[in-house]
Each structure stands twice: as structure tokens, then as C-alpha cells.
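Visitor: Please take a close look at one part of this model, the site where the ligand sits. Walk me through what surrounds it and what lies beyond.

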Amino acid sequence: MPYRVLVTDDIDAEGVALLAAEPDLAVDEVPTLPRDELLARIGVYDALVGRSATRISAELLRAAPRLAVVGRAGVGVDNIAVDLATELGIAVINAPAGNSVAVAELFFGAMLGLVRHIPQADQSMHEGAWDRPALMGSELRGRTLGIVGLGRIGGEIAARAHAFAMPVIAYDPYAGDARFHALRVRRAATLDELLSQSMVLTVHTPLTDETRGMIGARELGRLAPGAIVANLARGGIVDERALAEALRRGHLAGAALDVYTTEPLSVGHVLRSAPHLVLMPHIGASTVEAQRSVAVDVCRAVRDALLRGELSRSINAAPADDGRGGDVRPALMLARQLAAVGRALLATRGARAIDRIDVSSGEALSGVSDALLAAAALGVLAPVLAHERLNLINARALAAARGIALSTTEGAAEPPALEQGAAAYSLGVRLTGGGQEVTVSGLAHPATVSPRITGIGAFDVDIHPRGTLLILANRDVPGVIGRVGTVLGAAGVNIAEYHQARLAQGGEALAAVAVDGTVGDDVRHALLALPDVHSATVVPLPTE
Ligand code: NAD
């Protein structure tokens, strides 16, 4: 019997045709259905493909005993009860990459509109004028384009900028040299370096703690007078008030925005009256082609999931046991944490682009080495990528797409049995980047005993990962621990565990400090200012 697929929400015909061409799929295409009607019909379907108009609620999923796959033509999965889908074993598939070109083209449209005053020209003509002197413009040619975030969209923009004869420079500490080379983009080592050289600055990063407010008054001030700024990524990366002010002062020649801290943008918002500002209502992905591309992309992935069991595009689902009944989820979480620690340590040493992730594990985990690699890749990528739901299923593919080599080393020594007699899983994650490498290792347990980090580089430690891990490199002299405790205490940071390790008396030492809550940059700087402390790395540890 063929699988039954329900397609709704006006999915582009090219995507639907791809499903309909399969003899083993029976496709019903319907307009967006009212909730009750969808609830009444969903029970017979194996897959549902839609856009954001249809809410895939917990109620709907529970009414769908046959449902195996939910496909979303687009990026956002806010309309899908993903956690319940995961619990029910329903694969959720989205299409995050189909709209990069649409955003890149909109960027150039906005830039040309700005430098040639196209909106004003159009408006004046409609008002009956023929005012050429007022519309004297300038050219993009020769203006240096500075891109923050050389991911999918940043890359599409770089490729097109060459055709405009714009020199391209980018700041993306998480992208490797190979990507810069392939896109013929010069790397700026710091954001300030980028700012000092860009005449057009555009941001294409996700909105993260690191990028929120990344372009504020100080950064805008570092741009040369007459520069242009664009944000078609996420509201809040460029500070809205600072931008309006820089435009008003005439420091910037213009700006373009497609995204806002709060959407829709309020009627009286200060941006609405700022001069030389092209405003768009979040239309970056709104092209027929982008909608077609995401439809084809998701329909292909839904087809492969149903007919071939191919779940690599699924954003949920992950293996939960080691094939012998042992729950590997604690080991996967530990792999992710070890990778997060390694990534942060390399970043402290100036190597932020990771080239290779290698996971070594004992015999007990040999059946799940791919999942361990995915978990380690997740630990490396999660803090820097924009994907709505980067997870264990798609992390390996994303890492590979970014030029990160993934490998596993078999046969790490099996650790001794833990307290309750059950075997533990031993793990090591080795990261390489910028000509440096670091290995972080640990022990997880299939039962309820919490995992431990047991090695950081050459140092043996013993610490339970929680909240935030603070790693200090210091000289092994008396008094350091007390001074660190005083700084943390004064900042109200509660120490849960403090493990001091050294290689030889009086030499280099390492402190691994597990703390509750978060550690701000001010605290890190205060620690760095202490005598004999050489480096301080703060790692917010993933815990779920
Ligand atoms: P992506 O994940 O492919 O790329 C993001 C890039 O940002 C990565 O290369 C990453 O290394 C880099 N990055 C992360 N943190 C950084 C930092 N602190 N400094 C410098 N670089 C950093 O994402 P994408 O698909 O290119 O999307 C980029 C942005 O565009 C996202 O915010 C996305 O939500 C947004 N977007 C907007 C629209 C729209 O309608 N306007 C449509 C699609 C995507």
C-alpha cells in the first residue's frame, strides 16, 4: 500500500510534483484547512507537508497515529510541536538553505536603491517632477564591502560583490581559511579591522549573545564617514537607536534594514523617520524562487525519509541506546560538552575556526560513533550557527559543509566500573584548528551517575560539568586559588567545584572551576588581571 502524504498551505507545484511522481506515494493536496477538519483527516496520513499557516500542534500529532514525517517548506519550525514529535518518533524536516540567494539579491537591490536614490526618483516622478540634479548618485564599484558572518548568505553576497567590482573583506572567526579562499574574500582578524576598512558593512550572523548589539554606537563610529550599513539578518545585531542617530548626524551615508528587534516595527518607531534609510518589512525570503526552492527541498527530503528511511535531514530524532540496551544519551551530552570546552579553549588561544573533530571512545560506544561525532560537532557549532534547530541529526552534515573534517579513533581504554558496578563510557574529543589542537576527555555512565570531565589537554582533572566551566591557566605558586575565590565571591559567582591540576611543582597549572549560573566578561577580565593568571576561558556548558 502506498504511503499517504497530505500537502497543504499552497506548497509550490514543483515540490508537489516530485512527490506525486513516486508510485509508492499517494498525495492529497488541499488548501490550508481549518483546525477541526485537519484533525478529522490527519489520522490516515504518513506524512504532512506544509508551511507556517498550518499549526502542527500536540493535539494534531496525537490524532495522527500513522504520521512518520512532518515537512516544513521554510526554516522556522515554531508552528510545529517538535518536542512532542521527537517523543512520538515523528521526523521533522525543514528547508533552511533555500532562501540565501533571495536575501543576497535583496541586499544588492537595497544598496543600489540607496546609492542611486531609486525610491526618491520613483516617488518624485509619480509626483510629477523631473528633478535630475537632486538625484545625483554614486557607484558601488570600488567600495570595500565588509561582511560580518561568511555563512550561506554572506557567501552568496561575497560571490555577487565581485561582479560589482567591490573588494570584499569579512569577519567570521568561526569560518576556516578554505572558505575565505574559495570565496576570494580577505579575512579581517577582528571586527575593528573590518570596520576600519569597510565602506559598506553588512551583517549575516545569527542573533546570539555574541552578536546581539554587536554593531553599536562605538562600532558605527569606527566606520569611515559616508559608509553604508545593512542588516538583513536578525533584528538587534545592529543597535537601532545608534543607527538612527548615526544617520541623523550624517556620519553614515545610508542604511538598509529588513529585520527589527520587534516585528512588526511600531508605527512611530525612531527608524521610520531616520534619513537615508531603506526600510523593508522582513521580505528577505519572499521570492517565488525561494518558496519554490524550499518546497522542492523539503518534498525531496520527505520523499527520501518515507521511501528510503533517510533521516539525515530530520531536525529531531537521535539514537538513544548503544544497541545493547544501554542509554547513550549521557555520553552524547558529554561529547557535546567536551567539544564545547575544547572549542572555547582553542578560541582563547586565538584559533576560532575548527578544522577537525576527532572522537575517541571505548568499545561500548562503537555502535554510536556517528552520533558521538554529531554530538561533538553540535558542541562546536551550536554557539555560532543560525540554524533554528541544529541537532544531532544534522550537525555532522553542517560541520562537513563548513569544511570541518570528522573522524573517530577506536579503542580508547575502557574505564573501570563505577560505584554501582555498571560500566562507564570513556570519551575523548580532540579538536584541531589554527595549527593547534586540544583534547578534552571524560567519563559518562549509562545510568544516573553524573558524567565527569577527566582530562583537559595535558592536565588530569575531575569535575562534574554543570552551568558554566571556568578554565584558568596559571603559574603554580601559592595564593592563586584564594585570589580567584575572592574575585568570584565578590562577583556573587558560586563555586560548585574547584579542581587544581599541575604538571610539575612551580610550573604551569590549570584550574577547572565549575560554577552555578553565568560568568560575565567583567569577571573574566578581573581574573585575567590577577598576578600569575595567564588565561581565563569561560565555557557555558550545554545541559539539554
Ligand atoms: P549561516 O548559519 O549559514 O551563517 C552564519 C554565519 O555567521 C556563520 O558562518 C558563522 O560562523 C557566523 N558567525 C556566527 N557568530 C559570529 C560572530 N560572533 N562573528 C562573526 N561571525 C559569526 O546563516 P545564514 O543562512 O547565512 O543566515 C544568516 C542570517 O540571516 C541569520 O540571522 C538568518 O536568520 C538570517 N536570515 C534572514 C532572512 C530574511 O528574511 N531577512 C532570511 C533568511 C535568513
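Guide: A polar contact here is a pair of N or O atoms within 3.5 Å. In this predicted model, the side chain of Asp172 meets that cut-off, with an N or O atom 2.6 Å from an oxygen atom of the ligand. Glu210 also qualifies: one of its polar side-chain atoms lies 3.0 Å from a nitrogen atom of the ligand. A further contact comes from His282, where an N or O atom of the side chain is 3.2 Å from a ligand oxygen. On its own the ligand has 880 Å² of accessible area, and the protein covers 95% of this.

The shell that provides this surrounding consists of 30 residues, and the closest are Ile153, Asp172, Thr205, Val384 and Arg402. Sorted by class, the shell around the ligand holds 16 nonpolar, 8 polar and 6 charged residues. Residues of this shell come from both domain 2 (100–279) and domain 3 (325–457), so the ligand lies between these two domains.

Domain 3 also takes part in another arrangement, the largest nonpolar core. In soluble globular proteins, nonpolar side chains tend to be buried together. The core has 56 residues, of which Val341, Ile357, Leu372, Leu427, Ile453, Ile456 and Leu469 touch the most other members. Helix α13 (residues 329–348) supplies the largest share of this core, 11 residues. Because domain 3 (325–457) and domain 4 (462–544) both contribute residues to the core, it lies between them.

Technical notes
Residues are numbered from 1 along each chain as its sequence is written. This is a predicted model: local features need pLDDT of at least 70, side-chain atom pairs count only at pLDDT 80 or more; totals for chains, interfaces and linings use all residues. Side-chain values use heavy atoms; hydrogens and water are left out. A residue is near a molecule or strand if one of its heavy atoms lies within 4 Å of it. A polar contact is a pair of N or O atoms within 3.5 Å; within protein, one must be able to donate a hydrogen and the other to accept it, and residues adjacent in sequence count only if both atoms are side-chain atoms. Accessible areas come from the Shrake-Rupley method with a 1.4 Å probe; for residues, only the protein chains shown count as cover. Ala, Val, Leu, Ile, Met, Phe, Trp, Tyr, Cys and Pro count as nonpolar, Asp, Glu, Lys and Arg as charged, and the others, Gly among them, as polar. Domain bounds come from an automatic or database domain assignment. A nonpolar core is a set of buried Ala, Val, Leu, Ile, Met, Phe, Trp, Tyr and Cys residues joined through side-chain atoms within 4.5 Å. Buried means under 20% relative accessible area, exposed over 50%, partly exposed in between (1.4 Å probe, protein chains only). Helices (H or I, at least four residues) and strands (E, at least two) are DSSP runs, numbered from the N terminus.
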